[in-house]
Amino acid sequence: MIQQEEIRQLELTAAKMRKRLLEVVYKAKAVHIGGGLSSLNMLAALYFHTLNVDPNNPRKENRDRFIMSKGHCVEALYCALEQKGFITREQLDTYGEYNSMLAGHPTIKVPGIEVNTGALGHGLSIGVGLSIAAKMDQKDYKTFVLMGDGEQGEGSIYEAAMSASHYKLDNLVAIIDRNGLQISDKTEKVMSLEPMNERWIAFGWDVIEVNGDSMASIVQVLDAIDFQNRKPHLIISRTTKGKGVSCMENILKWHHGVPNPEEYQKSLLELEDCINQFS
């Protein structure tokens, strides 16, 4: 059983990544902060508790694969990769600059990134392919795919869902960052997604819902996955868009808003106070 101290360390890591994301967003002036903030708890749990990855050997043969299918939130992934040691602070500081290796969506030029993503709906299909390959090659690695909830309107998601069930891909974990907002409105106004759990159960998936704003709940769910049950796994992570920055939480404009100087300083102090509480 995971110890409370490890949970606190993961929470601190997520808080540090939130502060870093705010800095990156403010400097670059053109990013997607709301969905990045909502997914950082999950990214912290994956990269610092669950994933078998090594920043000193990013392409090691039996590494776990992670796919950021909601590629427009790549800045949050960059913060995780920096914190883990795949990229340096100096490299992340170039984000948004001419000739930076860090693009506005994930690319394989960046150490630790497995595939190019950003065309919504493609990540799960790639994850299915990687999971089938692992089965065929008799490899132990797992594939994790983080999707947005607005992304669930893409038809290719459900083709991949059927394939994963058909091939009994119990080495595949799909995660939906269910923050309830997408670029233009609430997800249920744009395209109704509920009952999400029943939909995926009907496709033959092992479905688990979790409070994605609670690190302890996330870790408990990740640790409980049965990788021998002959079913692909879906985690519906119910989160708060803009999590951790009070002026951004559950506000639509922060899907891709950039804070002004006053908002930036206020948010920065709020995140620093959060970090200091772990001292």
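Trainee: Which residues does F66 touch, leaving out those up to four places away in sequence?

Mentor: F66 touches L43, L46, Y47, L51, L77, E114, F144 and L146. Bear in mind that this is a predicted model.

Trainee: And which residues touch the most other members of the largest nonpolar core?

Mentor: Y47, F66 and Y78 do, in a core of 57 residues.

Trainee: Which helices and strands each supply at least two residues of this core?

Mentor: On the helix side, helix 1 (4-28), helix 2 (34-50), helix 3 (74-84), helix 9 (215-223) and helix 10 (261-276). The strands are strand 1, strand 2 (143-148) and strand 3 (172-178).

Trainee: Which one gives the most?

Mentor: Helix 1, with ten residues. There is also a second, separate core of 22 residues, with V115, A161, L172 and I236 among them.

Trainee: Switching to cavities. How many are there of 30 Å³ or more?

Mentor: Two. The largest holds about 60 Å³ of space, and the second largest about 30 Å³.

Trainee: What lines the largest cavity?

Mentor: Y47, L51, V53, P58, R63, F66, F86, G112 and E114. That lining divides into six nonpolar residues, one polar and two charged.

Trainee: And the second largest, what lines that?

Mentor: F66 again, together with I67, M68, L77, P106, I113, E114, V115 and T117. Here the split is seven nonpolar, one polar and one charged.

Trainee: Where does the largest share of that lining come from?

Mentor: Strand 1 (residues 65-68), which gives three residues.

Methods:
Residues numbered from 1 in each chain as written. Predicted model: local features only at pLDDT ≥ 70, side-chain atom pairs only at ≥ 80, totals over all residues. Heavy atoms only, no water. 1 Å grid on protein atoms, 1.4 Å probe; cavity = no way out; pocket = protein on both sides within 12 Å on 5 of 7 lines; lining within 4 Å. Points joined across faces, edges and corners; volume = space filled by probe spheres on them. Nonpolar A, V, L, I, M, F, W, Y, C, P; charged D, E, K, R; others polar. Helix = DSSP H or I, 4+ residues; strand = E, 2+ residues; numbered from the N terminus. Core = buried A, V, L, I, M, F, W, Y, C linked by side-chain atoms within 4.5 Å. Buried < 20%, exposed > 50% of the residue type's maximum accessible area, 1.4 Å probe, protein only. Contact = heavy atoms within 4.5 Å.
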